[in-house]
Each structure stands twice: as structure tokens, then as C-alpha cells.
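Hi everyone, thanks for making time. I'd like to walk you through a structure that's probably new to most of you, so let's get it up on the screen.

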Amino acid sequence: MMERRQFLSGTGAAIGGSLLAGCVGGSDSRTVTVDYAYYNPVSLVLREKGWMAEAFTDTDVEIEWVLSLGSNQANEYSQSGEAEVASTAGIAALMARSNGVPITTPYIYSEPEWTALVTFEESGIESVADLEGKRVAATRGTDPYFFLLQALDDAGMSEDDVEVVHLQHPEGQSSLVQGNVDAWAGLDPHMAELELEHDGAELFFREPAYNTYGFLNFLDEFIADHPEDARRVIDAYERGREWAIANPEETASILASESEMSQPVAERVFTQRNDLSEPIPGDAHRDLLSDLAPILQEEGLVTDGADPQGSIDDLLDSEFAADAAGGE
């Protein structure tokens, strides 16, 4: 198994560039690059157990792992062709597809409540309305960013009513602790760590329905040229998903070890804020994306002429997943 750790900090807003083929390890071998992310616990299980590589043991394919620190970074990997498989939030996947990144989502790795709005008690912020004129950290193009926009809209406000400070998720957490921002659109496990380990940290606005699922995105070219390999990836994910459901404490331990966070933090993230019961894209995912698609245009997150609403059917593929996952 090949491994590559990357810690990047781009915003992920730019879309363009040519797709690259999978890395070639030799004339008769090639590499499939798959991301892993602290917000995708099943990916950590697969990497820890070696089950993704095991799914390819009778082939000439090697697995290379690349770390995604957020959906925007995962979209960068898809956009550049650096990864054949990358994990994002649902709305971030739709943004990428609408902007011309040729990805398909055949698998849902989680239904999480992985984001909320976070502050410290001494800030005096008790509701979304209290954010007016305040500095709020968020990672543009990721679920916490869209969560913030929906929360503001609920309160009769918009992004113009606050100062959004665009930072990667770990940097947003640090910025809130240091007092450089007043609030943070948080993401687990960083959010749970702050909640459990820093006195006075509180999730002052929660709404599970505003979290847009965990989408596992495949490059279209990968599915078209190597459908059996794509099925092997999904088969590995099914193995990891079933094991994680049956072994929640050990899954939390893997999350804790990988993210260097405490066991209580990891247990809160996985056992309280992740639902792995539905891996196949369906109507619930389409309906949620349909509700959120206008935000992409309103916020200028898609190119002129893009059609987020029309891109939903291009993005979601339930038949491939149902076949590869044994029709669950």
C-alpha cells in the first residue's frame, strides 16, 4: 500500500485544468488514489485494516491514500485528477459537478451531524441573530459554510451581515480559541474536541437537517474505464461500513488514533453524530440538494451558465451502488 500525506490550504473555489490519468507504477501496473478524511470514519477503518488494498490483491493495482482536510480540498483532488475517489459533503459535490468537474456519487459514506455554529460563552452570542457584524470562521465550499448560509437565511440575514473569515477547519477552530473570530462554523472532529476539552465552548445553533450527508465521489473516467475497480472500492466501503456499525467503540478508537484526538471526542463524533445505515443515493439526497441548489448560484459559487439543479441527476447514481453493494 502506498501512502501520501498532504496538508494543503487552498479554498477549492477554482474549477478548471485538465484531468490527469491515475499514476502509473509500471507498464503493467497502475495506482488508484483514494482519499481518507477525519470526517469520513469509514475511510479511516479501511486504511487501518488494509481492506482497500486487500480488495485489489488479485490485480496489478496499488492503492495510494491522500488526506483530505475538507470538502474543498477533496474537490481539488477530483478537479485535478489527483484522486479517483474523494469524500465530500453533498452540497460540495454538487458545486463541483455544476462547475464541470466530472464526478459521480455512487455511494453515501455517512449521514452525519458534523457541523454546527460554535462560540464561547463569554462572546455574548446566543443566537444566529447575534452574529450581525461579527467575524465568523468558515471554510468556503464545504458543509459548514453552507450550514452558516442556511442559518443566516433562517434568521433573515445573509453573508453580507457578517464578516466571513475563510479558513480551513483546523485553523477556524484555532482562530476561535485565540479570539481572532467571534464564532466558527465548525466541523467534527475538531468541533467535538473544542466542545469537550475547552471550558465555555458551546454549539449555539444546531440543525441536523442542514448537514448534507457524506458523498463518496468517483471520477467519471474511472467508472467508465475501470468499472470493476470502482466496484472493488465500493465493496471495500461496504465491508468497512458493516464493520464500523458492528464495532462502534473500536471505530472511535481508530478515529481517535488517526486524528490524534481523545477517545471521548472520537466517541461523540462517531457514536452520537454519524448514521451509516443508508449507503445508496436516493430521493432524500436528491430532495436536499434540490433545496440547496439555488444557494450555489446566489453566492456565486458556480460559473456563469452552470445548472446546479440539472446537475443533481448527473451527480447521483443509485443503480451502480445498489449493484456493487449487493442490492441493499
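Okay, let's begin with the sheet. It's an open one with 5 strands, and if you read across, the order goes β8-β7-β9-β6-β10, with mixed pairing. Before I go further, please keep in mind that this is a predicted model. As a bit of background, strands of a sheet pair through backbone hydrogen bonds, and they can do that either parallel or antiparallel.

So which strands stand at the edges? Those are β8, residues 163-166, and β10, residues 201-205. Each has a single partner strand, so one side of each is left without a neighbour in the sheet. The sheet is also twisted in this sense: neighbouring strands are turned by 35° against each other on average, ignoring direction.

Zoom in on one of those edges. Strand β7, residues 135-138, runs parallel to β8, and 4 bridges join the two. If you want a pair to click on, take Arg135, whose bridge partner in β8 is Glu163.

Now, what packs on this sheet? Helix α5 does, touching β6, β7, β8, β9 and β10. Its direction makes about 75° with that of β6.

That brings us to helix packing. Two packed helices are described by the angle between their axes and the distance between the axes. Stay with α5, residues 143-154, and look at α12, residues 283-298: their axes come within 11 Å and cross at roughly 95°. That makes α5 roughly perpendicular to α12. On the α5 side the contact is made by Phe146, Leu149 and Gln150, and on the α12 side by Leu292, Ile295 and Leu296. By class, that's 5 nonpolar, 1 polar and no charged residues.

Here's another pair: α1, residues 41-49, and α9, residues 227-246. They pack at an angle of about 105°, with axes 9 Å apart, and are therefore roughly perpendicular to each other. Among the residues making this contact are Val42, Leu46 and Lys49 of α1, plus Tyr237, Arg241 and Trp243 of α9. This contact divides into 6 nonpolar, 2 polar and 2 charged residues.

Next, the cavities. How many of 30 Å³ or more turn up in a search of the whole structure? The search finds 3. The largest holds about 50 Å³ of space. Its lining is Tyr38, Tyr39, Ser68, Leu69, Leu187, Asp188, Pro189 and His190, which comes to 5 nonpolar, 2 polar and 1 charged residues.

The second largest cavity holds about 40 Å³. Tyr39 and Leu187 are in its lining, and so are, among others, Trp114, Asp143, Pro144 and His169. The split by class there is 5 nonpolar, 4 polar and 1 charged.

Last topic: backbone oddities. In general, most residues other than glycine have a negative phi, and most peptide bonds are trans. Remember Asp188 and Pro189 from the lining of the largest cavity? The peptide bond from Asp188 to Pro189 is cis, with omega near 5°. You'll find Pro189 in the loop between β9 and α7.

The other one is Tyr213. It isn't a glycine, yet it has a positive phi of about 65°. Look for Tyr213 in the loop between β10 and β11.

That's my tour. Happy to rotate the view if anyone wants another look.

Methods:
Residues numbered from 1 in each chain as written. Predicted model: local features only at pLDDT ≥ 70, side-chain atom pairs only at ≥ 80, totals over all residues. Heavy atoms only, no water. Axes fitted to C-alpha atoms, helices over the stretch in contact; angles between N-to-C directions. Parallel < 35°, antiparallel > 145°, perpendicular 65-115°, else oblique. Contact = heavy atoms within 4.5 Å. Nonpolar A, V, L, I, M, F, W, Y, C, P; charged D, E, K, R; others polar. 1 Å grid on protein atoms, 1.4 Å probe; cavity = no way out; pocket = protein on both sides within 12 Å on 5 of 7 lines; lining within 4 Å. Points joined across faces, edges and corners; volume = space filled by probe spheres on them. Pairing = 2+ DSSP bridges.
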